[in-house]
Structure formats: structure tokens, C-alpha cells
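Hi everyone, thanks for having me. I'd like to walk you through one structure today, so please have a look at it before I start talking.

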Number of protein chains: 2
Amino acid sequence: MVTSQVVNTYPLSSYTFGTKEPKMEKDTSVADRLARMKVNYMKEGMRTSVEGILLVQEHNHPHILLLQIGNTFCKLPGGRLKPGENEIDGLKRKLSSKLAANSPSLQPDWQVGECVAIWWRPNFETIMYPYCPPHITKPKECKKLFVVHLSEREYFAVPKNLKLLAVPLFELYDNVQRYGPVISTIPQQLSRFQFNMIHP
Amino acid sequence: MVTSQVVNTYPLSSYTFGTKEPKMEKDTSVADRLARMKVNYMKEGMRTSVEGILLVQEHNHPHILLLQIGNTFCKLPGGRLKPGENEIDGLKRKLSSKLAANSPSLQPDWQVGECVAIWWRPNFETIMYPYCPPHITKPKECKKLFVVHLSEREYFAVPKNLKLLAVPLFELYDNVQRYGPVISTIPQQLSRFQFNMIHP
């Protein structure tokens, strides 16, 4: 794990993007998703998920890579840890599943950095909080967001049913309607970092 | 400077509160404040301000100490650095000016921890952003927020024209109307910390 207050960012044009087989969502509705969460909770206890904040730059401003499903919903690459799985290893596994080519020789060098936010789901509902609310002794999910330091050149393979977008911080900021409470406050969580914009 | 992912918090009842002479605001209106900022910018360049996030607990939930002016406006203790002043020293000076008794023997042990957010003011206007917006080469203010680790017992002396409030994270969260964009997203910025609630 890399901890640094400085994040090197490279232009979007440094990276190469291809496609791979679709990764379908496990659930087709929010109700299905919450029902599956409940079943998994009975079996395995609190769900722990990890997501990566991958940064690039355009016009000297940091941009975040988001996966778009359909025409509206955006999410960070990541997912649920297996029971007992280490957070960093689990995040690398999920990043490869979402963004890497299948060939082992084409895996990006995922440098997982600092945890920048932790969100809690108190009930089997969509709402999450950046703290475990008082009187909640059995939260249903804990979601951790990590900065991922990208190398200067990488090859990403994006599942055919998803789009990979580079979204500027100024677009995310104060835009809870479009990006939801977790993604729209990433600019605040990254504000303490110094972005070292590298122009190769 | 203390950097730790663990923040020890003590009950509000651990602390003793007294009063001291009023600390009047330097400006009586937003327009006055922005005009003074402009004059200072001409003389000294970009304003750097530092503010402290002081944490206590009540009912096992973290609370932040805010200074209330009049009946509505709340702010974090802190203020502007002198030209060339070190951030940590400047924050300690400002915390003492706002919250400590005048006697040197009654100064709290201000343990300044991690910087959790940096806000930028691009123009002589009230709006600030958690990044320096693109195309802004001469920001007018940079404001840094630091976690301040409190000892188990302290004596605070609050200026008579101000009230010191302990506000729970759940009250700040998603409450931009009441607390503004900077203070209302402190819960997100603190989410990555583990609060060690100590019950002496």
C-alpha cells in the first residue's frame, strides 16, 4: 500500500483502451440487489466493498475514471470482498475484473494508495452515511474508497456493456443529483492531495 | 504534527468551559469582508487560512466544536496566517486566540493532526471549491482544515460574543443550508478515521 500526499497524474491520452466480454450486473433492479444483499448478510455477515479512485488529467485538471451502465448510472470500479479477503488484494482483483484484459501479461500495475472515505449502510436500503449512525450496532455494509496510483502507461479493457468515462472534479463537485452522495463528494476527499500533473 | 488514522475522543463533560473578553469580527458585512480581503491581497498576495476540527463525543457519536456568531452563522476555530507563518504554529496561535484563557499556564495542548481538506477561493467572492478551478492561476485564498487531537481534560475560554457548540456529525451531514459547503462535508472527510471513544 502506497501512502503519499502527492498523486502523479498523466494525460488520458497516455492510456490505451480496448474492450472485453460484457460483465453483466448481478441484479436487474434495486429491489433485487437489496434482496441479494440480505441473503448474503445471513450467510456471511456485513458486506465489505472496496472501490478505486483512478485519476488522470485533462487540461491540467484531475479527472476520475467512472464506469457508466446504460445512459445514466455511474459507479467506481470495485466490488465486494470475499469473506476474509484482504482489502488491497480484493480491490486489485476487482479492478482487474472490471478494467483489465484477460491476459495476465496485460494486467495494469495497480498501486493502491490511501483510503479516502468509508461509507456505512445501516439497513437493507440504498441510503449510506459517512459514519456508522448512532444506535446502529449491526451495519449491513461498509464501503471503502481508495486512491489508486496509475502508472504512466496502461492498457484498460472495458466490458462491452459498460462505458469508461473520465469525469473532471468540477463536474462531480456539488452534483449529487447526477452522481449520488458517494461520488459527488470525492472532490472534497481528494482536496488534501497535491496533484502532480505530468506531461510526458 | 501528529498523523494517525485513530482519533481518541473524550466526552464533552471531560472539558471545562469559561468565558473571556469578546473577539469581535473584523467585518460587519460580507461586502466589507471581501473588500478587506482585496486590500490584503494587494499587500500580501494569496491569503492562507487554517482551521481546526476539534472532536468530542456524546452518546458514542463524534461531535465537532463550532463557534456560533449571533443565532445562525457557525464557523470552525482558526483564522488567517501571518505572512510566512508556519501552518501548524499559526493554527495553534489562532486556536489559543479563539478558545484559550489568557493565562499561559491554561493553554490547551493543541496537537495538530492531519490536514483533511483544502478549499480554494478563486475570486473575491464567497464561493470556494475543494480544488483550484481550471484556468485560475491566481487564487485569492487557500483554506486548510486540520484535525486537532484534544487531550482528556482541557479548559476552554470562549469569547463572550460567541457560543461554543458541540455538533454531531449526523447533524452536519448533508446540511449545506445550515452549515455551508465546507463544514457540511466534514463528516465525509473524517469518514476514513477510526474514532476511539474513551469513557474515563
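Let me begin with a term: a residue is called buried under 20% relative accessible area, exposed over 50%, and partly exposed in between, using a 1.4 Å probe and protein chains only. By that rule A:C74, at 5% relative accessibility, counts as buried. B:C74 is buried too, with a relative accessible area of 6%.

Some housekeeping before I go on. This is a predicted model, where local features need pLDDT of at least 70 and side-chain atom pairs count only at pLDDT 80 or more, while totals for chains, interfaces and linings use all residues. Residues are numbered from 1 along each chain as its sequence is written, chains are lettered from A and ligands numbered from 1 in the order in which they are written, and side-chain values use heavy atoms, with hydrogens and water left out.

Back to cysteines for a second. A disulfide is a covalent bond between the sulfur atoms of two cysteines. The rule here asks for a pair of cysteine sulfur atoms within 2.5 Å. How many disulfides does the structure hold over all chains? Zero.

Okay, the two chains. To compare copies, you superpose them by least squares on the C-alpha atoms of residues with pLDDT of at least 70 in both. Do that here, and chain B lands on chain A with an RMSD of 0.0 Å, after a turn of 180 degrees and a shift of 0.0 Å along the axis. The two copies are thus related as by a two-fold rotation axis. If you want to find that axis on your screen, go to B:Q189: within chain B, its C-alpha is the nearest to the axis, at 2.8 Å.

Now, where do the chains touch? Contact means heavy atoms within 4.5 Å, and 23 residues of chain B are in contact with 23 residues of chain A. 100% of the interface residues of chain B are also interface residues in chain A, so the copies meet through the same surface.

Next is buried area, the accessible area (1.4 Å probe) that two parts lose on being put together, summed over both. Chain B and chain A bury about 2,000 Å² between them, and 64% of that is on carbon and sulfur atoms. Which three residues give the most on the chain B side? They are B:Y131, B:Y173 and B:R192, which supply 30% of the area that chain B buries against chain A.

What about charges across that interface? A salt bridge is a side-chain nitrogen of Lys or Arg within 4 Å of a carboxyl oxygen of Asp or Glu, and between chain B and chain A the count is zero. A polar contact is a pair of N or O atoms within 3.5 Å; within protein, one must be able to donate a hydrogen and the other to accept it, and residues adjacent in sequence count only if both atoms are side-chain atoms. Across the interface, two residue pairs are in polar contact, both at pLDDT 80 or more.

A:R192 is worth clicking on. You'll find A:R192 in the loop between α5 (186-190) and β11 (194-197) of chain A. Those labels come from DSSP runs, with helices (H or I, at least four residues) and strands (E, at least two) numbered from the N terminus. Is A:R192 buried or exposed? Buried, at 5% relative accessibility. Its side chain makes a polar contact of 3.3 Å with the side chain of A:Q5. Leaving aside neighbours within four places in sequence, the contacts of A:R192 include A:E114 and, from chain B, B:E114 and B:R192.

Now a backbone oddity. Most residues other than glycine have a negative phi. A:D174 has a positive one, near 65 degrees, and B:D174 has one near 60 degrees. A:D174 sits in the loop between α3 (169-172) and α4 (176-184) of chain A, and is exposed, with a relative accessible area of 65%. B:D174 counts as exposed at 66%.

Last stop, salt bridges over all chains: there are 19. In one of them, A:E85 pairs with A:R93, with the closest N and O atoms 2.8 Å apart. A:E85 is buried at 19% relative accessibility, while A:R93 is partly exposed at 28%. B:E85 and B:R93 also form a salt bridge, at 2.8 Å. Salt bridges that share partners also join A:R47, A:R121 and A:E141 into one network.
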